[in-house]
Amino acid sequence: MDTAKFPHHLDCEALTGLTVDHLPRDGSLGRIRRYAKGAEVWQSEDAADRVYFLRRGRVAVMTATPEERPIVLRTIEAGQPFGELCLCTLRSRTRETTALALTACETIEIKLSSFLGYLRQNRDALEALLCILCLRQTDTEQRIEVLTLLMAEQRLGRLMIRLGALSARGCRGAQRDTVTLSLSHNELAKMAGMSRPHVTVTLGRLRRRGLVRYRREGPLRVDVPALMAYLGRLGREAG
């Protein structure tokens, strides 16, 4: 089976995804919350009644299975909203995920009722929210596809291609042949649902084939066309 090419959402990108810039500049909506590196923004049993906008830092939303290896569902960058999927939940619904500050973070925390009231009055923000929910729905489906792959090279390779496509969203013009991912082996392991040693061994095999380049403390550089061709051959051989 050939390796599928992830879509770039060019039609969706004609719209503007919801960001912190859509919020009132007078600070009337929500409150500022600050978190130290490693602190939890929410726990799995917390009520899903808040929406967050990240002003500074990075946050990881993860599965809440302390007895198993946690999987990173999404990494939130500055300016982006998160926790917004609770818009369609009942007030008694809990998160069932955890959100962890990867660096020192500053967020705007907004009560669900206040946020819904603001959306009813601001059509631009409502359209932007619809755009970003559509993008994340597709991202979620692609993550599921990645996690269903059993071969380590296929799973990790597909994940890196997907992350490269995400990083290229804000770039105009043709897709870059080489993408740079500033992620540690541990972060990749949590995203791929693999152990850190397994990721290191798998990346070593891909590096020997010339598909990725990295140093101990440097970023990971991925040759996207070559990696896609290699994964396609693996799929055909497995089929």
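This note walks through a few parts of the structure, which is a predicted model.

1. **The three-stranded sheet.** Start with β9, β11 and β10. These three strands form an open sheet in that order, and the pairing is antiparallel. β9 and β10 are the edge strands, each pairing on one side only.

2. **How β9 meets β11.** β9 covers residues 178-181, and β11 covers residues 220-223. The two pair in the antiparallel sense over four bridges. Two of the partners are worth finding on screen. L181 has L220 as its bridge partner in β11. T180 is matched with R221 of β11.

3. **How β10 meets β11.** β10 is made of residues 212-213. Two bridges join β10 to β11, and the strands run antiparallel. V212 has V222 as its bridge partner in β11. The connection between the two strands is a hairpin, with six residues joining β10 to β11.

4. **Two faces of β11.** Which residues of β11 lie on the covered face, and which on the uncovered one? L220 and V222 are on the covered face. R221 and D223 are on the uncovered face. In a regular strand the side chains alternate between the two faces of the sheet. The bridge partners can be read against this picture. L181 sits opposite L220, from the covered face of β11. T180 sits opposite R221, from the uncovered face.

5. **L181 in its surroundings.** Is L181 buried or exposed? Its relative accessibility is 5%, so L181 counts as buried; the cut-off is under 20%. Leaving aside residues up to four places away in sequence, L181 touches M160, L163, G164, P219, L220 and V222. Two of these contacts, L220 and V222, make up the covered face of β11. Y214 is another residue to locate. L181 and Y214 are 33 residues apart in sequence, and their C-alpha atoms are 9.8 Å apart in space.

6. **From β11 into α6.** D223 belongs to the uncovered face of β11. D223 also caps the N-terminal end of helix α6. Here a side-chain oxygen of D223 lies 3.2 Å from the backbone nitrogen of A226. Helix α6 takes in residues 224-238, 15 residues in total. From its first C-alpha to its last, α6 reaches 21 Å, close to the 21 Å expected at 1.5 Å a residue. Its buried residues are V224, L227, M228, Y230, L231, G232, L234 and G235.

7. **The four-stranded sheet.** A second place to look is the open sheet of four strands, in the order β2-β7-β4-β5, where the pairing is antiparallel. β2 (40-42) and β5 (72-76) stand at the edges. Each has a single partner strand, so one side of each is left without a neighbour in the sheet. The twist averages 25° from one strand to the next. β2 pairs with β7 (residues 97-101) in the antiparallel sense over two bridges. W42 stands opposite A99 in β7.

8. **The α4 and α5 pair.** Helix α4 spans residues 185-192, and helix α5 spans residues 196-208. How do their axes lie? They come within 8 Å and cross at roughly 105°. The two helices are therefore roughly perpendicular to each other. From α4, the residues that meet α5 are H185, N186, L188 and A189. On the α5 side they meet R196, V199, T200 and L203.

Technical notes:
Residues numbered from 1 in each chain as written. Predicted model: local features only at pLDDT ≥ 70, side-chain atom pairs only at ≥ 80, totals over all residues. Heavy atoms only, no water. Buried < 20%, exposed > 50% of the residue type's maximum accessible area, 1.4 Å probe, protein only. Contact = heavy atoms within 4.5 Å. Expected span 1.5 Å × (residues − 1). Polar contact = N/O pair within 3.5 Å; in protein donor to acceptor, adjacent residues only side chain to side chain. Pairing = 2+ DSSP bridges. Axes fitted to C-alpha atoms, helices over the stretch in contact; angles between N-to-C directions. Parallel < 35°, antiparallel > 145°, perpendicular 65-115°, else oblique.
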